[in-house]
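Please look over the sequence and the model shown here before reading on. The report afterwards goes through a few selected features.

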Amino acid sequence: MEVQQVLHMIGGAGETSYANNSTVQERAISKVKTIVEKSIIDLYCTTFPKSLGIADMGCSSGPNTFLAISNIMEAVDQKRRHLGHSSPEFRVFLNDLPGNDFNNIFKSLAGFYEKLKQNNGPDFGPCFIAGVPGSFYGRLFPTESLDFVHSSYSLHWLSQVPPGLENRPGGVLNKGNIYMAMTSPPAVFKAYLEQFERDFSLFLRSRSEEMRSGGCMVLTLMGRRSLDPSSRECCYPFELLSQALMEMVSQGIIKEAEVDSFNLPYYTPSVQELITVIETDGSFHLDRHEVIELNWDPNDNDNNEDFAFNKLTRGRNVAKNTRAVTESMLANHFGELIVDDLFKKFGENVAEHLTKEKTKHVNLVISMTKK
């Protein structure tokens, strides 16, 4: 799989689009808002720049694209008003892989600019927004051109499927699985960790060249509390998806070899794994790290543990969110004809699981300053 060419969220504004099925990601941005605001305000009050370079890595498309950058700019605007300063100009760069629906973003820009003026007044900005297609596992910007980098729900995606999972002398290594699972051999976990370490190291090295000294970065990604990489808290959703695929194998819809040859370019690190890479790189000072949890079903009640929706509705909600982020890869490998049936089966598997256990996504939040 050529990840840079294949991976993208479902574009547009249809029923299965990412724009209409990204509530989990929206909740994550909202939960991290205070951390982002503190980081950008500390940066602003340290340097009082006339121009701020802000990059959102893995911006996708839809309402969440503008949510994070709105929070960042409005936090600065409120602080500068309190201090009686004139507004800095905002240079905002929205980055994602080339397959991202940038056209949808560009069509929304006029309305976004108008909303900024309405909310912040005529003395806000100016604000300049540009799209930057390309992998963030490498250089994207000129040297020392960025002040603040934000990324949410993107860095758990790897630059490639870890090498060595297929075509081994002894056969397929991760048989019957599409990701790390309880039944995966140790070599699978090792391959995934090593690929994550390579990728995250390259991400940090690239940003360290692009950011000014004292610049700040806040990253949110899927992860795990446990040191065990096969922990259900991070792997079980894709075990349920693997089960749905194997059910289709038993029905003769797809071949077992197709499942065996598919592995997701995805990794959910532990906090310690993240910190180890950051310390090894040495370019950033780790200011803060936190763990936040979000329900699998974003429409579930987060405050009342006894509350439960209709189980099939809950399963469908999770399936639609998962489909919005994985369909491009699954359709590329298995063909588009199986997608509807696959996610129907997956939703049923999730529904059955959620009747037994209220499961949450574990999210890692890292705030850093460029040395």
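The paragraphs below treat a buried charged residue, the nonpolar cores and one helix.

This is a predicted model, in which local features need pLDDT of at least 70 and side-chain atom pairs count only at pLDDT 80 or more, while totals for chains, interfaces and linings use all residues. Residues are numbered from 1 along each chain as its sequence is written, and side-chain values use heavy atoms, with hydrogens and water left out.

D96 is found in strand β2 (residues 89-96), strands being DSSP runs of E of at least two residues and helices runs of H or I of at least four, numbered from the N terminus. D96 is buried yet has no salt bridge, and R207, the nearest side chain of opposite charge, is 12 Å away. Buried means under 20% relative accessible area with a 1.4 Å probe and protein chains only, and a salt bridge needs a side-chain nitrogen of Lys or Arg within 4 Å of a carboxyl oxygen of Asp or Glu. The side chain of D96 does reach two backbone nitrogens, as tabulated.

| Side chain | Backbone nitrogen | Distance |
|---|---|---|
| D96 | C59 | 3.4 Å |
| D96 | S60 | 2.7 Å |

The largest nonpolar core (buried Ala, Val, Leu, Ile, Met, Phe, Trp, Tyr and Cys residues joined through side-chain atoms within 4.5 Å) has 83 residues, and F346 is one of those with the most contacts inside it. Helix α7 (residues 232-250) gives the most to this core, with 10 residues. Apart from it lies another core, of 31 residues, including I69 and V76.

Helix α4 (residues 63-83) has 21 residues and should span 30 Å at 1.5 Å a residue, which agrees with the 31 Å between its end C-alpha atoms; the expected span is 1.5 Å times one less than the number of residues.

Terms used
Buried < 20%, exposed > 50% of the residue type's maximum accessible area, 1.4 Å probe, protein only. Lys, Arg positive; Asp, Glu negative; His and termini not counted. Polar contact = N/O pair within 3.5 Å; in protein donor to acceptor, adjacent residues only side chain to side chain.
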